[in-house]
Amino acid sequence: MLTEAQAEEMIFGFVILNDWSARDIQQWEYVPLGPFQAKAFATSISPWVVTREALEPFRMQGPVQQPEPLAYLKQVRPNNYDLALDVGLRAGAMNEAKTICSTNFKYMYWSSVQQLVHHASSGCAMNVGDLLGSGTISGPEKHQRGSLLEISWNGTEPVELADGVTRSFLENGDSLVMRGWCQGDGYR
């Protein structure tokens with residue numbers, strides 16, 4: 001069984017990742033199977049990796065975990081990060097993206113370390129270069145919803161962009177800008 005310390009050492013760094021979902025397919029898969037082919041649609045990652053060591057000054061305790069995790073998932077030390085994230089959406093006719101989400105990695109219920117420990121707990125081999133996604137990063141407030149499906153409340157609350165343009169789902173010609181940063185005293 002992988003320990004918390006071993007899992008932490010195995011994590012080289014972090015990227016911004018978006019696992020695009022084909023929502024029209026996903027709605028048919030959710031019951032009874034859960035997402036499958038709809039999540040195999042596409043994945044984008046940032047062109048850079050931020051090392052775990054570079055994020056050390058921003059390490060923090062994550063949310064209280066209730067119910068209490070099983071023994072192998074309990075953490076001895078904080079394993080979340082104060083890492084601001086925002087997403088801008090630019091509809092095809094717009095010149096600039098409008099921010100549609102501002103959230104923070106600190107809201108992750110399961111830390112990256114816990115996710116890796118759990119992933120490996122059933123004997124799944126982890127290799128150098130393996131990429132694991134954290135899952136949707138949402139905060140407690142409406143503006144912190146981490147996916148367009150959540151932001152538009154499953155399409156029932158379209159997002160207002162500019163000049164009367166709204167979106168519930170992405171359309172051809174739309175683009176997203178995803179940003180992440182840590183804020184220190186006098187540096188970013």
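**Salt bridges and an open sheet**

In this predicted model, Glu-8 is buried, with a relative accessible area of 10%. Despite the 69 residues that separate them, Glu-8 is joined to Arg-77 by a salt bridge in which the closest N and O atoms are 3.9 Å apart, a value that falls within the 4 Å limit applied to such pairs. The contact thereby links distant parts of the chain, since Glu-8 belongs to helix H1 (residues 4-10), whereas Arg-77 lies in the loop between strand S5 (59-60) and strand S6 (80-81). The two partners differ in their exposure: Arg-77 is partly exposed, with a relative accessible area of 35%, while the 10% computed for Glu-8 places this residue among the buried ones, because the buried class ends at 20%.

A second salt bridge brings together the side chains of Arg-59 and Glu-56, with a distance of 3.1 Å from N to O. Here the arginine is the buried partner, Arg-59 having a relative accessibility of 15%, and Glu-56 is partly exposed, with a relative accessible area of 34%. Through salt bridges that share partners, Glu-56 and Arg-59 are joined with Glu-8, Glu-9, Arg-52, Glu-53 and Arg-77 into one network, so that the pair formed by Arg-77 and Glu-8 and the pair formed by Arg-59 and Glu-56 both fall within one connected set under the distance rule for salt bridges.

A further salt bridge is formed by Asp-174 and Arg-167, whose closest N and O atoms are 2.7 Å apart, and in this case both residues are buried. The count of salt bridges in the model comes to 13.

Turning to the strands, an open sheet of three strands is found in the order S8-S7-S11, with antiparallel pairing. Strand S8 (98-104) and strand S11 (175-181) stand at the edges and have a single partner strand each, which means that one side of each is left without a neighbour in the sheet. From one strand to the next, the twist averages 15°. In general, the strands of a sheet pair through backbone hydrogen bonds, in either a parallel or an antiparallel sense. Within the present sheet, strand S7 (residues 84-90) and S8 are paired in the antiparallel sense over six bridges, and Leu-85 stands opposite Thr-103 in S8.

Definitions and conventions: Residues numbered from 1 in each chain as written. Predicted model: local features only at pLDDT ≥ 70, side-chain atom pairs only at ≥ 80, totals over all residues. Heavy atoms only, no water. Pairing = 2+ DSSP bridges. Helix = DSSP H or I, 4+ residues; strand = E, 2+ residues; numbered from the N terminus. Axes fitted to C-alpha atoms, helices over the stretch in contact; angles between N-to-C directions. Buried < 20%, exposed > 50% of the residue type's maximum accessible area, 1.4 Å probe, protein only.
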